[in-house]
Amino acid sequence: MPVITCIDDLKRLYKRRAPKMFYDYCESGSWTEQTFAENTSDFSKLRLRQRVAVDMTNRSIATTMAGQDVAMPVALAPVGLTGMQRADGEIKAARAAESFGVPFTLSTMSICSIEDVAAHTRKPFWFQLYTMKDQDYLKRLIQRAKDAKCSALVITLDLQVLGQRHMDLKNGLSAPPKLTAKSLADLATRWSWGLEMLGTKRRDMGNVVGHVKGVTDPSSLMAWTAEQFDPQLDWSKIAQIKEMWGGKVILKGILDPEDAKMAAKVGCDAIVVSNHGGRQLDGALSSIRMLDPILQAVGGETEVFLDSGIRSGQDVLKAMAMGASGTMIGRAFVYGLGAMGEEGVRKALEVLAKEMDVSMALCGHRDINEVGRDVLMIPEDFSGRWAA
Ligand code: GLV
């Protein structure tokens with residue numbers, strides 16, 4: 001058993017164990033990958049203030065997110081095709097999140113279906129919704145999430161059309177993978193992945209296959225998005241979906257203060273400052289840079305979570321210190337899943353928790369809820385001075 005000390009260790013193992021097509025899917029940003037890269041590099045521009053000679057006993061990183069108790073302010077973000085990174089991936093990740101005490105969000109584009117994840121977990125999870133042109137399907141999907149007792153609906157707003165990730169086109173990404181000479185040569189070297197995959201029935205998009213009429217190629221994310229996603233989504237449709245759902249709503253993919261104000265006006269339990277992990281609009285600023293202007297714009301009217309770029313507990317601490325009330329991780333848990341299955345996801349969560357706890361202590365704090373800007377050193381032009 002390798003000694004895992006950081007998220008990067010999990011990433012190295014994941015790269016060795018998962019098929020290249022799915023590793024590349026996870027590890028790509030759109031076009032030049034500028035935004036993808038800056039999501040992480042901008043975190044390192046923020047510095048932490050070391051404090052000494054303060055009582056560091058009885059520390060706590062527990063808090064609440066959207067009214068739910070969490071062991072730490074980190075929820076698992078919705079990630080498409082998670083069940084291709086490892087057989088039954090969504091069930092494994094959901095179980096790890098449940099045992100650790102943090103929320104799991106199931107993607108519309110998951111491999112394991114809503115019902116399947118509900119049947120293999122004990123606590124309610126969050127469901128992420130992509131808005132579809134097919135209103136019948138959309139309504140049924142929302143009803144299915146209600147029937148599965150999902151405790152929040154996470155509506156993704158930044159993927160009405162798909163940003164291009166070059167490697168997905170080059171690799172011919174599909175779920176399950178199409179068997180070509182190239183993919184077979186790669187799969188031959190990932191035998192443990194293949195054996196586990198042969199042992200499961202869950203190899204298609206579980207929320208789609210058998211549930212949607214007229215989708216010609218549900219194996220391809222690109223085709224599915226182009227055919228089904230609603231390019232006409234607007235705030236009034238979001239209000240309608242909120243009404244249909246009737247429960248907690250989290251609006252994900254907000255990167256601009258004006259949109260944040262609109263989201264607060266429509267009414268939601270939280271917004272997620274996110275650029276979809278740098279996978280959509282290349283050239284947009286990183287989430288951590290946009291956090292402060294967005295916090296100022298919403299002025300406490302809704303909870304603000306941050307996603308995109310978190311790879312360490314220090315990153316979570318920085319986002320919380322800046323004023324976020326929680327964070328979401330995508331790649332950081334997928335690395336764990338691809339490396340070591342359910343245990344790997346738990347390991348990723350443990351790594352983040354430990355890093356956050358010890359770093360918080362070294363900043364002179366004992367409770368994550370009391371950590372404020374005093375622990376941060378923010379470069380003067382961090383959010384940028386941009387001509388209007
Ligand atoms: C879908 O959510 C993607 O980013 O590929």
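**Exercise 1. Locate Pro-176 in this predicted model and describe the peptide bond before it.**

Solution. Start with the position: Pro-176 sits in the loop that links α8 (166–171) with α9 (181–187). Then look at the bond between Ala-175 and Pro-176: the peptide is cis, with omega about -5°.

**Exercise 2. Which phi does Lys-149 have, and where does Lys-149 lie?**

Solution. Take the backbone angle to begin with. Lys-149 is not a glycine, yet its phi is positive, about 65°. Next, place the residue: Lys-149 belongs to the loop between α7 (135–147) and β7.

**Exercise 3. Work out how the strands of the open sheet are ordered, and which helices pack on the sheet.**

Solution. Step one is the order. Eight strands make up the open sheet, running β4-β11-β10-β9-β8-β7-β6-β5, with parallel pairing.

Step two is the edges. β4 (74–76) and β5 (105–106) each pair on one side only, which is what marks the edge strands.

Step three is the pairing of β4. It is joined to β11 (residues 326–329) by three bridges, and the two strands run parallel. Val-74 stands opposite Thr-327 in β11.

Step four is the helices. α12 (residues 235–245) packs on the sheet and touches β6 (126–129), β7 (152–156) and β8 (249–254). The direction of α12 makes about 150° with that of β8. α14 (residues 287–298) also packs on the sheet, where it touches β8, β9 (270–273) and β10 (303–307). The direction of α14 makes about 170° with that of β10.

**Exercise 4. Decide whether α1 is roughly parallel or antiparallel to α16, and describe the residues in their contact.**

Solution. Begin with the geometry: helix α1 (residues 7–17) packs against helix α16 (residues 331–362) at an angle of about 175°, the axes being 9 Å apart. Angles over 145 degrees count as roughly antiparallel, so α1 is roughly antiparallel to α16.

Then list the contact. From α1 come Ile-7, Leu-10, Lys-11, Leu-13, Tyr-14 and Arg-17. The residues they meet in α16 include Ala-332, Tyr-335, Met-340, Lys-347 and Leu-352.

Last, sort the residues of this contact by type: twelve are nonpolar, three polar and three charged.

**Exercise 5. Which residues come nearest to the ligand, and how far are its oxygen atoms from side-chain N or O atoms?**

Solution. First, the surroundings: eight residues lie around the ligand, and Tyr-25, Tyr-130, Arg-165, His-276 and Arg-279 come nearest.

Second, the distances from a ligand oxygen atom to a side-chain N or O atom:

- Tyr-130: 2.6 Å
- Arg-165: 2.6 Å
- His-276: 3.0 Å

Technical notes
Residues are numbered from 1 along each chain as its sequence is written. This is a predicted model: local features need pLDDT of at least 70, side-chain atom pairs count only at pLDDT 80 or more; totals for chains, interfaces and linings use all residues. Side-chain values use heavy atoms; hydrogens and water are left out. Axes are lines fitted to C-alpha atoms, for helices over the stretch in contact, and angles run from 0 to 180 degrees between N-to-C directions. Helices (H or I, at least four residues) and strands (E, at least two) are DSSP runs, numbered from the N terminus. Angles under 35 degrees count as roughly parallel, over 145 as roughly antiparallel, 65 to 115 as roughly perpendicular and the rest as oblique. Contact means heavy atoms within 4.5 Å. Ala, Val, Leu, Ile, Met, Phe, Trp, Tyr, Cys and Pro count as nonpolar, Asp, Glu, Lys and Arg as charged, and the others, Gly among them, as polar. Two strands pair if DSSP finds at least two bridges between them. A residue is near a molecule or strand if one of its heavy atoms lies within 4 Å of it. A polar contact is a pair of N or O atoms within 3.5 Å; within protein, one must be able to donate a hydrogen and the other to accept it, and residues adjacent in sequence count only if both atoms are side-chain atoms.
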